[in-house]
Amino acid sequence: MSPPSTPHPRPTDLANLAREKLGRKKTQRLLDHCKECPDCAEQLLRAVREQPLATGRPALSKWNWISIGVLLVALLAVVGALWWILRSASRPPAIGFELSQDAEQPLPAPGGSTLPPSVIVRGG
Ligand SMILES: [Zn+2]
């Protein structure tokens, strides 16, 4: 491998580059050097890794956890409601519901021996 064409940047420059505090030109020059110089690339990577998370992506704050908890509770409530609806739907219908349905739509009795409820009411 050919030696890097540019002089090694100072460690402070690499640290500033990791903090994205350098100008675009200088950043480009340092990055070009790091492409040719694994040693400086290593230093730059180390400097980036040593950056506190606050400058980059923020860690999950207290409010993030609270909103996640609220989301979970809402999800559980929806699942519970669905479970309750499915459970009550699979049960046999209540007696009152069954009677009112029969009165509106009388089924023909097998054999024809019993009259529909509506006829009984009218005849009585
Ligand atoms: Zn170098």
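**Figure 1. Burial and helical content of the predicted model.** Of the 124 residues of the protein, 10% count as buried. The model is a predicted one. The protein contains six helices and zero strands, and its pattern along the sequence reads α-α-α-α-α-α. Among contacts in the protein with a separation of 6 or more, 55% are accounted for by residues 24 or more positions apart.

**Figure 2. Close-up of helix α2, residues 24-36.** Helix α2 has 13 residues and reaches 19 Å from its first C-alpha to its last, close to the 18 Å expected at 1.5 Å a residue. Leu 30, His 33 and Cys 34 are the buried residues shown in α2. Seen down the axis of α2, the buried residues fall within an arc of 100 degrees, so they line one face of the helix. An α-helix has 3.6 residues a turn, so residues three or four places apart point the same way. The buried residues of α2 pack against α1 (11-18) and α3 (38-49). Turned away from the buried side, the face of α2 carries the exposed residues Arg 24, Lys 25, Gln 28 and Lys 35.

**Figure 3. Close-up of helix α3 and its buried residues.** The twelve residues of α3 should span 16 Å at 1.5 Å a residue, and the end C-alpha atoms of α3 are 16 Å apart, which agrees. Within α3, Cys 40, Gln 43 and Leu 44 are buried. These buried residues fall within an arc of 100 degrees when seen down the axis of α3, so they line one face of the helix. The cover over the buried residues of α3 includes α1 and α2. On the other side of α3, the residues Pro 38, Glu 42 and Arg 49 are exposed.

**Figure 4. Packing of α1 with α3.** Two packed helices are described by the angle between their axes and the distance between the axes. For α1 and α3, the packing angle is about 50 degrees and the axes are 8 Å apart. That angle makes α1 oblique to α3. The crossing in which α1 passes α3 is right-handed. In α1, Pro 11, Leu 14, Ala 15, Leu 17 and Ala 18 meet Cys 40, Gln 43, Leu 44, Ala 47 and Val 48 in α3.

**Figure 5. Surroundings of Leu 17 in helix α1.** Leu 17 is buried, with 22 other C-beta atoms within 10 Å. Leaving aside neighbours within four places in sequence, Leu 17 is in contact with Leu 22, Thr 27, Leu 30 and Leu 44. Of these partners, Leu 30 is one of the buried residues of α2, and Leu 44 is one of the buried residues of α3. Leu 17 and Leu 44 are 27 residues apart in sequence and 7.7 Å apart in space, C-alpha to C-alpha.

**Figure 6. Glu 20 in the loop between α1 and α2.** Phi of Glu 20 is near 55 degrees, a positive value in a residue other than glycine. Most residues other than glycine have a negative phi. Glu 20 is exposed, with 11 other C-beta atoms within 10 Å.

**Figure 7. Close-up of helix α4, residues 62-90.** Helix α4 has 29 residues and reaches 42 Å from its first C-alpha to its last, close to the 42 Å expected at 1.5 Å a residue. Helix α4 is hardly covered, and the count of buried residues among its 29 residues is zero.

Note on methods. Residues are numbered from 1 along each chain as its sequence is written. This is a predicted model: local features need pLDDT of at least 70, side-chain atom pairs count only at pLDDT 80 or more; totals for chains, interfaces and linings use all residues. Helices (H or I, at least four residues) and strands (E, at least two) are DSSP runs, numbered from the N terminus. The expected span of a helix is 1.5 Å times one less than its number of residues. A residue is buried if 20 or more other C-beta atoms lie within 10 Å of its own, exposed if 12 or fewer, and partly exposed in between; C-beta atoms are placed from the backbone. The arc is that of the directions from the helix axis to the C-beta atoms. Two residues are in contact if their C-beta atoms, placed from the backbone, lie within 7 Å. Axes are lines fitted to C-alpha atoms, for helices over the stretch in contact, and angles run from 0 to 180 degrees between N-to-C directions. Angles under 35 degrees count as roughly parallel, over 145 as roughly antiparallel, 65 to 115 as roughly perpendicular and the rest as oblique. A crossing is left-handed if the near helix is turned anticlockwise from the far one by less than a right angle, and right-handed if clockwise.
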